[in-house]
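Student: Hey, got a minute to go through this one with me? I'd like to start with the overall fold and then look at the surface.

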Amino acid sequence: MFWPMLAIALGFLGIAVLGVLAIKVFLEVQRLGRQVARTTERISAAAEELEDAATGLARTGETLR
């Protein structure tokens, strides 16, 4: 009777550990998603600034001719 109960207890502990690890992975994936979204916004803003600077530089070049 001892061995079956030990096996059930160890099985339950294994499932509990897997559940805790799954929650940790889920939280890290959410954090990574937020960071990717923030980085995407920063890249978009930098691309817009670069486009504006390039447009201004092109206008400056045209006036020099």
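Student: So how many helices and strands does the protein have?

Tutor: There is 1 helix and there are 0 strands in this predicted model.

Student: And how does the radius of gyration sit against the globule rule?

Tutor: The radius of gyration comes out at 28 Å, well over the 11 Å that the globule rule gives for 65 residues, so the protein is more spread out than a compact globule. Along the principal axes, the C-alpha trace spans about 95 × 10 × 5 Å.

Student: What share of the residues is buried, then?

Tutor: Buried residues make up 0% of the 65. The protein exposes about 6200 Å², with carbon and sulfur atoms supplying 71% of that.

Student: Which residues make the nonpolar surface patch?

Tutor: Phe2, Trp3, Leu6, Leu10, Phe12 and Leu13 make it, and the patch is about 720 Å². Phe2 sits in helix H1 and is exposed, at 55% relative accessible area.

Student: Switching to charges: how many positive and negative side chains are there?

Tutor: There are 7 positive and 7 negative ones, and the centres of the two sets lie 10 Å apart. Glu48, Glu49, Glu51 and Asp52 form a negative surface patch.

Student: Is Asp52 buried or exposed?

Tutor: Asp52 counts as exposed because its relative accessibility is 56%, and the cut-off is over 50%. Asp52 is in helix H1 too.

Student: Last one: where is Val36?

Tutor: Val36 is in helix H1, which covers residues 2-63. Its relative accessible area is 47%, so Val36 is partly exposed. From Val36 to Gly19 is 17 residues in sequence and 26 Å in space, C-alpha to C-alpha.

Note on methods: Residues are numbered from 1 along each chain as its sequence is written. This is a predicted model: local features need pLDDT of at least 70, side-chain atom pairs count only at pLDDT 80 or more; totals for chains, interfaces and linings use all residues. Side-chain values use heavy atoms; hydrogens and water are left out. Helices (H or I, at least four residues) and strands (E, at least two) are DSSP runs, numbered from the N terminus. Buried means under 20% relative accessible area, exposed over 50%, partly exposed in between (1.4 Å probe, protein chains only). Patches are made of residues with over 30% relative accessible area and no salt bridge: like charges are joined within 9 Å, nonpolar side chains (Val, Leu, Ile, Met, Phe, Trp, Tyr) within 5 Å. Accessible areas come from the Shrake-Rupley method with a 1.4 Å probe; for residues, only the protein chains shown count as cover. A salt bridge is a side-chain nitrogen of Lys or Arg within 4 Å of a carboxyl oxygen of Asp or Glu. Lys and Arg count as positive and Asp and Glu as negative; His and the chain ends are not counted. The place of a charge is taken as NZ of Lys, CZ of Arg, CG of Asp or CD of Glu. The radius of gyration is taken over C-alpha atoms; the globule rule is 2.2 Å times the number of residues to the power 0.38.
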